[in-house]
Amino acid sequence: MKIDLNTLVRKNIRELKAYSSARSEYRGAADIFLDANENAFGSPIEHNYNRYPDPLQIELKKALAAKQKVSPSQISIGNGSDEIIDHIIRIFCVPGQDNIITLPPTFRMYGVAAAINEVVNQEVYLTADFQADIAAIEKVITPLTKAIFLCSPNNPTGNLLRRKDVEQLLDMFNGILVIDEAYIDFTTEKSFLDLLSEHNNLIILQTLSKAWGLAGLRIGIAYADAAIINILNKVKMPYNVSDVAQELAQRALLHGNVVDQWIQQIRDQRSILSDLLKKFSFVNKVFDSDANFLLVRVDDAAALYQFLLSEKIVVRNQSSQPLLENCLRITIGTPEENKLLINALKKYAV
Ligand SMILES: *Cc1c(COP(=O)(O)O)cnc(C)c1O
């Protein structure tokens with residue numbers, strides 16, 4: 001199904017003339033840059049950062065495109081995927097009028113970004129097995145529903161959404177379907193990226209913050225049809241990704257072998273930790289996970305959270321999310337950290 005983007009994008013965004021930065025206006029090769037009011041002498045530290053970064057992050061996109069077998073024109077880079085989430089809502093949703101659909105328990109940023117933009121967040125809870133409730137979603141979709149946010153593997157439940165459900169949503173929804181794949185590197189299942197070629201209303205979000213170990217650099221990635229990417233590029237701040245971040249991200253992408261080894265270790269540790277956790281009498285359930293964390297239901301999440309904190313271990317209490325009463329989300333650490341966690345839990349048990 002091909003969606004008419006023009007009818008979906010807010011009028012002010014459709015008509016927006018993007019800011020044209022100095023660095024994007026000249027074409028060709030130049031040696032002397034007197035166009036951007038930078039300091040031509042350099043920077044007063046070891047490295048020079050006196051020049052504005054590439055607003056379109058071309059080199060980084062080329063590296064990502066080669067890796068994911070897409071075109072650089074299908075990629076937009078954000079200052080973290082959080083930034084892209086906000087931009088998606090701003091591009092498609094008229095404040096005070098349009099709405100999005102999210103499927104709690106899920107990543108809270110979608111709802112926060114909607115609230116910031118005065119966009120109604122229609123929450124359709126996941127089913128008991130943490131899958132999308134397609135019939136319930138269909139019921140709340142209206143002509144004012146501009147985007148549905150899915151997360152797979154889902155944070156904080158850890159599971160993948162069923163492919164046939166995602167495909168069904170794509171078939172029945174005329175708005176933007178966002179699939180947040182922040183944890184895709186931790187599963188052996190394939191990404192939804194292959195659906196991009198058939199669906200011009202699909203946006204896949206990935207990030208270098210989790211498996212790639214670069215949360216501090218802030219690199220989020222949107223993969224979508226080039227028409228959507230052009231709009232994302234138009235709406236983002238011209239220099240949203242620093243020179244340092246672009247350069248270090250490119251360097252990191254050359255070390256996929258190291259990351260693959262970590263991913264393997266994290267998966268092994270996930271399985272070990274899951275087995276150990278299940279042995280504690282105060283642990284009622286350890287949910288299966290395709291991510292780098294485990295969702296655990298315990299007798300008293302608030303008490304266990306406080307106890308772990310007193311042992312200098314911080315986890316995340318998810319009890320305020322629907323369906324997640326007494327659930328903690330525990331990120332998989334190094335083998336040493338995981339051992340310390342288990343030791344602390346043994347203390348809690350007595
Ligand atoms: C961590 C996380 C992100 C945030 O990614 P950044 O690129 O660091 O902004 C996005 N989505 C989900 C589901 C996450 O858990």
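## The surroundings of the ligand

In this predicted model, the ligand is surrounded by 14 residues, and those that come nearest are Asp180, Tyr183, Thr207, Ser209 and Lys210. Sorted by the character of their side chains, the residues of this shell divide into five nonpolar, five polar and four charged.

Three side chains can be described through the distances of their N or O atoms to the ligand. In the side chain of aspartate 180, an N or O atom is 2.6 Å from a nitrogen atom of the ligand, while in the side chain of asparagine 155 such an atom is 2.8 Å from an oxygen atom of the ligand. The side chain of lysine 210 also takes part, with an N or O atom that is 3.1 Å from an oxygen atom of the ligand. The ligand taken alone would expose 390 Å², and the protein buries 94% of that area.

## The chain as a whole

The chain has 350 residues, and its radius of gyration is 22 Å, which agrees with the value near 20 Å that a compact globule of this length would have. Along its principal axes, the C-alpha trace spans about 70 × 55 × 35 Å. The secondary structure comes to 13 helices and 11 strands, and buried residues make up 50% of the chain.

## Cysteines without a disulfide

A disulfide is a covalent bond between the sulfur atoms of two cysteines. How many disulfides does the structure hold? The number is zero, and the distances between sulfur atoms help to explain this for two of the cysteines. The sulfur of cysteine 93 cannot form such a bond because the closest cysteine sulfur, in cysteine 151, is 18 Å away, which is too far. For cysteine 151, the closest cysteine sulfur belongs to cysteine 327, and because the distance is 16 Å, this pair is also too far apart for a bond.

Both of these residues can be placed by their accessibility as well. A residue counts as buried when its relative accessible area is under 20%, so cysteine 93, at 2%, is buried, and cysteine 151, at 3%, is buried too.

## Three residues in their places

Phenylalanine 92 lies in helix α5, which covers residues 81-92, and with a relative accessible area of 1% this phenylalanine is buried. Its C-alpha atom is separated by 14 Å from that of asparagine 200, although the two residues are 108 residues apart along the chain.

Glutamine 131 is found in the loop between β3 (120-123) and α7 (134-140), and at 7% relative accessibility glutamine 131 counts as buried. A polar atom of the glutamine 131 side chain lies 2.9 Å from the backbone oxygen of leucine 160. Asparagine 121, by contrast, has its place in strand β3 and is partly exposed, with a relative accessible area of 22%. The C-alpha atoms of asparagine 121 and alanine 226 are separated by 27 Å, and these residues are 105 residues apart along the chain.

## Unusual backbone geometry

Most residues other than glycine have a negative phi, and most peptide bonds are trans. Against this background, some places in the backbone deserve a closer look. A cis peptide bond joins proline 104 and proline 105, with omega at about 0 degrees, and proline 105 has its place in the loop between β2 (99-102) and α6 (109-116). Another cis peptide bond joins serine 152 and proline 153, where omega is about -10 degrees; proline 153 lies in the loop between β4 (145-151) and α8 (163-172).

Which sign does phi have in arginine 218? The value is positive, near 65 degrees, in a residue other than glycine. Arginine 218 lies in the loop between β6 (202-207) and β7 (220-224), and with a relative accessible area of 26% this arginine is partly exposed. Asparagine 326 has a positive phi as well, of about 55 degrees, although it is not a glycine. Asparagine 326 is found in the loop between β10 (316-317) and β11 (327-331), and its relative accessible area of 22% makes this asparagine partly exposed.

Definitions and conventions:
Residues numbered from 1 in each chain as written. Predicted model: local features only at pLDDT ≥ 70, side-chain atom pairs only at ≥ 80, totals over all residues. Heavy atoms only, no water. Near = heavy atom within 4 Å. Polar contact = N/O pair within 3.5 Å; in protein donor to acceptor, adjacent residues only side chain to side chain. Areas by Shrake-Rupley, 256 points an atom, 1.4 Å probe, with all protein chains shown as cover. Nonpolar A, V, L, I, M, F, W, Y, C, P; charged D, E, K, R; others polar. Disulfide = S-S within 2.5 Å. Buried < 20%, exposed > 50% of the residue type's maximum accessible area, 1.4 Å probe, protein only. Helix = DSSP H or I, 4+ residues; strand = E, 2+ residues; numbered from the N terminus. Rg over C-alpha atoms; globule rule 2.2 N^0.38 Å.
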